[in-house]
Amino acid sequence: MSVRKDNYTVDIGDMRIKYKDKSETFTEDNLISKEPIGQFKAWFEEVCNTPQILEPNAMFLATATRDGVPSLRAVLLKGFGTEGFKFYTNYDSRKGHELAENPHVALTFYWEALRRSVRIEGIAKKTSAEDSDRYFQSRPYANQIGSMSSKQSSVIASRQTLIVKERELLAKFPEGQVKRPDCWGGYLVVPHVVEFWQGQSDRLHDRIRFRRTKPNEKIDNILVHKGENGWVYERLSP
Ligand SMILES: Cc1cc2nc3c(=O)[nH]c(=O)nc-3n(C[C@H](O)[C@H](O)[C@H](O)COP(=O)(O)O)c2cc1C
């Protein structure tokens, strides 16, 4: 294959793997819970018991500016429950600035080995200082120093800048004496939409979406099912 470096095209049109076959569909009868947090917990536990999935809690977080210009990156889920989905980061990062002006977020998990994905939409709010302190103090020493060494998302001259800063902080703050920087902490994403997707080889994928109802919404009993804890669920076309 000869490739001209200034202008080339790679055709990967036939790149695809098998998803589930018709004997393994995801139907409303398979729901473990009629609200999305219990359902997420059930799927998450399965993922954690799937050795091919090395980081079950890796997810993609989309944020946007006030004008709606999006950006997307991976972060780690660090807790979830009826109150929402939690992650930790630098409040002065690009995502932190975007969240300060626009709290709307979307999260996506893709668990390839299970052919499953979960999409969440919601509003992000900072967790309490106590929560952030607790998590920061639970992190390994090297991670504490590492996140302090980096003004996340800023442009730096070279890797050496980080090494110098890390060395300085290691000398200044011995293990056990690292205080959480004010610019670092948690966000809780309070969901209003949670979709469970399972892929089928024939592309008739299963999609079951939980959502909060709109004020005064008239529920169509054929399409929309009453769930628990104020949620409804419905099937989406793939
Ligand atoms: C698997 C994975 C997990 C990550 N987890 C986090 C995380 O929990 N928090 C974080 O701030 N960055 C995390 N990162 C780095 C982010 O993807 C990103 O580079 C960083 O947060 C800066 O993003 P921003 O400039 O858009 O704010 C992770 C990256 C990967 C690939």
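Ile-120 touches a set of residues that includes Phe-85, Ala-106, Leu-107, Val-189, Pro-191, Val-193 and Val-194, leaving aside residues up to four places away in sequence; two residues are taken to be in contact if their C-beta atoms, placed from the backbone, lie within 7 Å. The structure is a predicted model, in which local features need pLDDT of at least 70, side-chain atom pairs count only at pLDDT 80 or more, and totals for chains, interfaces and linings use all residues. Residues are numbered from 1 along each chain as its sequence is written.

Ile-120 belongs to the largest nonpolar core, which has 27 residues; together with Leu-107, Val-118, Ala-124, Tyr-187 and Val-189, Ile-120 touches the most other members. Such a core is a set of buried Ala, Val, Leu, Ile, Met, Phe, Trp, Tyr and Cys residues joined through C-beta atoms within 7 Å. A residue is called buried if 20 or more other C-beta atoms lie within 10 Å of its own, exposed if 12 or fewer do, and partly exposed in between, with C-beta atoms placed from the backbone. Two or more core residues come from each of helix 1 (36-48), strand 1 (58-64), strand 4, strand 5 (104-111), strand 6 (116-126), strand 7 (184-198), strand 8 and strand 10 (231-235). Strand 7 gives the largest share of this core, 6 residues. Helices (H or I, at least four residues) and strands (E, at least two) are DSSP runs, numbered from the N terminus.

Tyr-187 offers a second view of the core. This residue lies in strand 7 and is buried, with 25 other C-beta atoms within 10 Å. Beyond residues up to four places away in sequence, Tyr-187 touches Phe-87, Thr-89, Leu-99, Ala-124, Lys-125, Lys-126 and Thr-127. By contrast, Glu-175 is 12 residues from Tyr-187 in sequence and 26 Å from it in space, C-alpha to C-alpha.

Thr-89 also leads to the ligand. Of the 16 residues around the ligand, those that come nearest are Ala-74, Thr-89, Ser-93, Lys-95 and Ser-153; a residue is near a molecule if its C-beta atom, placed from the backbone, lies within 6 Å of it. At least two residues of this shell are supplied by each of strand 2 (70-76), strand 4 (84-90) and helix 2 (94-101). Strand 2 makes the largest contribution to the shell, 5 residues. By type, the shell divides into 6 nonpolar, 6 polar and 4 charged residues. Here Ala, Val, Leu, Ile, Met, Phe, Trp, Tyr, Cys and Pro count as nonpolar, Asp, Glu, Lys and Arg as charged, and the others, Gly among them, as polar.

Taken as a whole, the chain has 5 helices and 10 strands. Of its 238 residues, 22% count as buried. Among contacts with a separation of 6 or more, 63% join residues 24 or more positions apart. The C-alpha atoms fill a box of roughly 65 × 55 × 40 Å, taken along the principal axes.

Two domain features come from an unreviewed UniProt entry. Residues 53-165 are listed there as "Pyridoxamine 5'-phosphate oxidase N-terminal", and this span is 30% helix and 38% strand, with its end C-alpha atoms 34 Å apart. Residues 184-238 are listed as "Pyridoxine 5'-phosphate oxidase dimerisation C-terminal"; that span is 0% helix and 55% strand, and its end C-alpha atoms lie 39 Å apart. UniProt positions follow the numbering used here, feature names are shortened, and annotations may be inferred rather than shown by experiment.

Helix 5 (residues 159-172) has 14 residues, of which the number buried is 0, so this helix lies largely in the open. Its end C-alpha atoms are 20 Å apart, which agrees with the 20 Å expected at 1.5 Å a residue; the expected span is 1.5 Å times one less than the number of residues. Leu-170 lies in helix 5 and is partly exposed, with 16 other C-beta atoms within 10 Å.

Two arginines in loops deserve a look. Arg-115, in the loop between strand 5 and strand 6, has a positive phi of about 55° although it is not a glycine. Arg-203, in the loop between strand 7 and strand 8, has a positive phi of about 70° and is likewise not a glycine. Arg-115 is buried, with 20 other C-beta atoms within 10 Å, whereas Arg-203 counts as exposed, with 9 C-beta neighbours inside 10 Å.
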